[in-house]
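Visitor: Could you take me closely through one strand of this protein, together with the elements that surround it, and then place that strand within the rest of the fold?

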Amino acid sequence: MEQLVFELAPPEPALLSNFLPGRNRELVAALTGFASGAGSDPGFLIWGASGAGKTHLLRGAIALASERGVPTHFHQHPAAVAADMAGDRAMLVAVDRIDEADAAAAALIFTLYNALKERGGRLLAASRMPLAALPLREDLRTRLGWGLVYEALPLADDEKPAALAIYARQRGFDLSAEVIDYLLRHGRRDMGSLLGAVAALDRLSLAAKRPITVPLLREWLQATLQWETREKSPPAKR
């Protein structure tokens, strides 16, 4: 079991197609169009609380654009935006955690935005704060407001069982209410971890040729915990 946990550990890729929208259906539809090149908006800002799936949405949009041949860049933090980005040929650039940009990073993003707009490219950004509260220079905040602005809403606890059941059906199998309930009570409760668990259970079920039941889930959770504990433990001194 532990060997299978190790083999199944890699997380699922973040795609718009495997994002569970909940109350964000309009956001996902708009972002899909934006990443596909629809409309004329120069930018797209997603804001919301931690755990709402903002990073997943950014990575999913970049993946969709890349699949369609659009040159892209993804920056997991504003500090990663380089001074030479304005001369790059990327047509869709995503910047996560833009609310954490310092003065230097904000200046680079401002220059990047203008360069993208001039060549018909687009900027996609995520923030934990709404546009009006962003601690950025006013000219950059203004430009972010020229595009689409959406709030990402996290799934409520009572929405998660149905969302997990839908995700399982999308993968081609049914997840029983008992398994979902056990996972929600004993597993991590953020949606990224929950989706990763369902995906891993799917692969484990196929590899072990066993149905997805509470006993299989219990074994997987225990083996995963043991594996993670061992990975985090400092190496033994010799």
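Guide: Two strands are said to pair if DSSP finds at least two bridges between them. By that criterion β3 and β4 pair in this predicted model, since 4 bridges join these two strands, which run parallel. Within that pairing, V93 has L123 of β4 as its bridge partner. Between the two strands the chain passes through helix α4, residues 103-118, and the resulting β-α-β crossover from β3 to β4 is right-handed.

The strand to look at closely is β4, which has a second partner in β1: these two strands are also parallel, and their pairing extends over 5 bridges. In this case the residue that stands opposite L124 of β4 is F44.

The surroundings of β4 can also be read from burial, where a residue counts as buried if its relative accessible area is under 20%. By this standard 6 of the 6 residues of β4 are buried, so the strand is largely enclosed by the rest of the structure. In a regular strand the side chains alternate between the two faces of the sheet. For β4, one side carries R122, L124 and A126, while the other carries L123, A125 and S127, and as these residues are all buried, both faces of the strand are covered.

One neighbour of this region is helix α2, residues 25-35, in which L27, V28, A30, L31, F34 and A35 are buried. Viewed down the axis of α2, these buried residues fall within an arc of 165°, so they line one face of the helix. Such a pattern fits the geometry of helices: an α-helix has 3.6 residues a turn, so residues three or four places apart point the same way. On the face of α2 turned away from the buried side sit R25, E26 and A29, which are exposed. The cover over the buried residues of α2 includes β4 (122-127) itself, along with β1 (43-47), α3 (54-67), β3 (92-95) and β5 (148-151). Just after α2, the backbone at G37 takes a positive phi of about 95°.

Helix α3, one of the elements that cover α2, contains A63. Apart from its neighbours within four places in sequence, A63 is in contact with A14 and L15. The C-alpha atoms of A63 and A14 are 8.0 Å apart, although 49 residues separate the two in sequence.

For the wider setting, the protein has 9 helices and 5 strands, which follow one another from the N terminus as α-α-β-α-β-β-α-β-α-β-α-α-α-α. Among its 238 residues, 43% count as buried. Of the contacts with a separation of 6 or more, 69% are between residues 24 or more positions apart.

The largest nonpolar core has 29 residues, and those touching the most other members are L164, L175, V198, L217 and W220. Helices α6 (160-170), α7 (177-186), α8 (191-208) and α9 (214-232) each supply at least two residues of this core, and the largest share, 9 residues, comes from α8. A second core, separate from that one, has 23 residues and includes L27, V28, L31 and Y150, of which L27, V28 and L31 are among the buried residues of α2 already described.

Note on methods:
Residues are numbered from 1 along each chain as its sequence is written. This is a predicted model: local features need pLDDT of at least 70, side-chain atom pairs count only at pLDDT 80 or more; totals for chains, interfaces and linings use all residues. Side-chain values use heavy atoms; hydrogens and water are left out. Buried means under 20% relative accessible area, exposed over 50%, partly exposed in between (1.4 Å probe, protein chains only). Contact means heavy atoms within 4.5 Å. The arc is that of the directions from the helix axis to the C-beta atoms. A crossover is right-handed if, with the strands pointing away from the viewer, the path from the first strand over the helix to the second runs clockwise. A nonpolar core is a set of buried Ala, Val, Leu, Ile, Met, Phe, Trp, Tyr and Cys residues joined through side-chain atoms within 4.5 Å.
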